[in-house]
Amino acid sequence: MKIDGNFIAPPETHIWGNIVVAGRLELGPCSTVGGSVEAESIIVGRDVRIKGPLHVRTTATICDNACLRSVQAGGNITLRPGVRVGDVNSDETIFVYGKVTSERLFGRAVKVYGT
């Protein structure tokens, strides 16, 4: 699916394949994406599941209990409590709030807040 502009997905939206958004993408809570995701920037809602890699050109915010294969961003990445993700790569800073599960965090800086 390709979208020229911004896209806000309501809660419990299920996309079976890949999604490419030219602008900002907001995935509502409890949504799923069966393939890869590309966007300018993204907010991933709580309990969202993305089965393919996530590539954003600027910033990414991953909310509570989301499950992702991997994240790559040109800007800052924010990971909220309960996030489960493979590799996380950022050209800027990765902010970690609370306990997350990740294979690897690689960024210019990694800042951890809370326990």
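**Figure legends: close-up views of the predicted model**

**Figure 1. Leu105, Val110 and Val112 make a nonpolar surface patch of about 230 Å².** The view is taken from a predicted model. Leu105 has its place in strand E15, which covers residues 101–106. With a relative accessibility of 31%, Leu105 counts as partly exposed. The other members of the patch shown here are Val110 and Val112.

**Figure 2. Phe95 and Tyr113 form a stacked aromatic pair, one of two aromatic pairs that the structure holds.** The ring centres of Phe95 and Tyr113 are 6.5 Å apart and the planes stand at 20°, so the arrangement is classed as stacked. The cut-off for this class is an angle under 30 degrees between the planes. Phe95 belongs to strand E14 (residues 93–97) and Tyr113 to strand E16 (residues 109–113); the pair therefore ties together parts that are 18 residues apart in sequence. Phe95 counts as buried because its relative accessibility is 18%, the limit for this class being under 20%. Tyr113, at 37% relative accessibility, counts as partly exposed.

**Figure 3. Tyr97 and Tyr113 form a stacked aromatic pair.** The rings of Tyr97 and Tyr113 lie 5.0 Å apart, centre to centre, with 15° between their planes. This pair links distant parts of the chain, with Tyr97 in strand E14 and Tyr113 in strand E16, 16 residues apart. Tyr97 has a relative accessibility of 30% and therefore counts as partly exposed.

**Figure 4. Phe95, Tyr97 and Tyr113 form one aromatic cluster.** Tyr113 is paired with Phe95 and also with Tyr97. Within the cluster, Phe95 counts as buried, whereas Tyr97 and Tyr113 count as partly exposed. Strand E14 contributes Phe95 and Tyr97, while strand E16 contributes Tyr113.

**Figure 5. The protein chain that frames these views has 16 strands and zero helices.** Its C-alpha trace spans about 35 × 25 × 20 Å along the principal axes. The radius of gyration is 13 Å, which agrees with the value near 13 Å for a compact globule of 115 residues. Of these 115 residues, 42% count as buried. The protein chain exposes about 6000 Å², and carbon and sulfur atoms supply 50% of that area. Among contacts between residues at least 6 apart in sequence, 1% join residues at least 24 apart.

Terms used
Residues numbered from 1 in each chain as written. Predicted model: local features only at pLDDT ≥ 70, side-chain atom pairs only at ≥ 80, totals over all residues. Heavy atoms only, no water. Patch = residues over 30% accessible without salt bridge, like charges linked within 9 Å, V, L, I, M, F, W, Y side chains within 5 Å. Areas by Shrake-Rupley, 256 points an atom, 1.4 Å probe, with all protein chains shown as cover. Salt bridge = Lys/Arg side-chain N within 4 Å of Asp/Glu carboxyl O. Helix = DSSP H or I, 4+ residues; strand = E, 2+ residues; numbered from the N terminus. Buried < 20%, exposed > 50% of the residue type's maximum accessible area, 1.4 Å probe, protein only. Phe/Tyr/Trp six-rings, centres within 6.5 Å; stacked < 30°, edge-to-face > 60°. Rg over C-alpha atoms; globule rule 2.2 N^0.38 Å. Contact = heavy atoms within 4.5 Å.
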